[in-house]
Amino acid sequence: MSIELKSISKSYRGIKALDSINLEIKKGEFFVILGPSGSGKTTLLRTVAGLERIDSGRILIDGKDVTEEPPHRRDLAMVFQNYALYPHKTVLENLIMPVEGKMNREEAVKLAGELASNLKIGDMLSRYPSELSGGQQQRVALARALMKKPSVFLMDEPLSNLDAIQRVSARKLIRDIQRENNITTLYVTHDQVEAMALADRIAIMNTGKVIQTGTPEEIYSNVKDRFVATFFGNPPMSLIDGSLLDLTGKIGVRPEDVEIGEGNVKGRVSDVEFLGDRYLVYISLGEEEVRAFYPYRLRGECSHAVILFDKYL
Ligand SMILES: Nc1ncnc2c1ncn2[C@@H]1O[C@H](COP(=O)(O)OP(=O)(O)OP(=O)(O)O)[C@@H](O)[C@H]1O
């Protein structure tokens, strides 16, 4: 199913949480809403779900105006940050509930077992939610949404309580099920790595507005403004005001665009972070700071680096 948001706005006590949002999500697309805390992502998702009324605008699902329809009349499955599991039901019962009456019990139990084992909660099927950690509960909530194979998935930070390794495997599971079943997905996160890994297209939000929309590659190679530059990419761009920026006419520089070596700009290494396969070097240029990748640890005697903005000068 496709989703169209036409000029939707919503305020809470005069504060605009959503400010004239226009988006078109195609059938089968994995669409990620990326933005910092408070930018309006959750509000946007809740309005699509029908949990929040909008002040103005229209919401169309598959061309049908659902603006006034209640949540249960929009064929959607939701996974939210606070995974509302039924406390008096076991994990297994929580998982099969959404498909009761739609699938026979034997089939449902089999599917629940498969999803649970994929999400490493296979040996917890007889436990109650209160006997699980936050991350385990989140995986139960995720498995429950995946059981339904709905036409539309709405997901709000569904991996926020998982550790780094679980996150990567859960990410793959979501993507695989979404692709296999061609499920239109609207996925909210503030994590750019997650956004880039999952998205067909991304909309970047700030203060209730969509700032830029595109594929991860399109946004990365052509950031629209300073906000996107400092928010997108891992690590994001360094902003340089003054002569260097004037010289290049660019919004900012990426760590991979900066070379440490012979050149005409003197900087001082102010900090170094180990990333595993390389180092991220922070270089002060007077008042300003840029970041660069470097294969070796810069030590005391190298604390003055000469940097070359290879792609810009
Ligand atoms: N029920 C509410 N009552 C009043 N203001 C609200 C309510 N819900 C959200 N807001 C405000 O609307 C704005 C957008 O909030 P929203 O939760 O959509 O942001 P978000 O991008 O999802 O943030 P986070 O990543 O922190 O969850 C914020 O300024 C928030 O304070």
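The following exchange goes through the reasons behind some labels given to this predicted model.

User: What do the values for this model rest on?
Analyst: The model is predicted, so local features need pLDDT of at least 70 and side-chain atom pairs count only at pLDDT 80 or more, while totals for chains, interfaces and linings use all residues. Residues are numbered from 1 along each chain as its sequence is written, and side-chain values use heavy atoms, with hydrogens and water left out.

User: Why is Ala199 called buried?
Analyst: Buried means under 20% relative accessible area, exposed over 50%, and partly exposed in between, with a 1.4 Å probe and protein chains only. Ala199 has a relative accessible area of 11%, so it is buried.

User: Where is Ala199 found, and which residues is Ala199 in contact with, leaving aside neighbours within four places in sequence?
Analyst: Ala199 is in the loop between H6 and strand S9 (201-206); helices (H or I, at least four residues) and strands (E, at least two) are DSSP runs, numbered from the N terminus. With those neighbours left aside, Ala199 is in contact (heavy atoms within 4.5 Å) with Phe30, Val32 and Pro216. Pro216 is 17 residues from Ala199 in sequence, and their C-alpha atoms are 7.0 Å apart.

User: How do you know that the span of helix H5 agrees with its number of residues?
Analyst: The expected span is 1.5 Å times one less than the number of residues. For the 18 residues of H5 (residues 164-181) that gives 26 Å, and the end C-alpha atoms are 26 Å apart, so the two agree.

User: Which residues of H5 are buried, and what covers them?
Analyst: The buried residues of H5 include Arg167, Ala170, Leu173 and Ile177. Their cover includes strand S3 (30-34), helix H3 (105-118) and helix H6 (192-198).

User: What makes the pair of Ser37 and the ligand a polar contact?
Analyst: A polar contact is a pair of N or O atoms within 3.5 Å; within protein, one must be able to donate a hydrogen and the other to accept it, and residues adjacent in sequence count only if both atoms are side-chain atoms. A polar side-chain atom of Ser37 lies 2.6 Å from an oxygen atom of the ligand, so the pair falls within the 3.5 Å limit. An oxygen atom of the ligand is also 2.8 Å from a polar backbone atom of Gly38, and one is 2.8 Å from an N or O atom in the side chain of Lys41.
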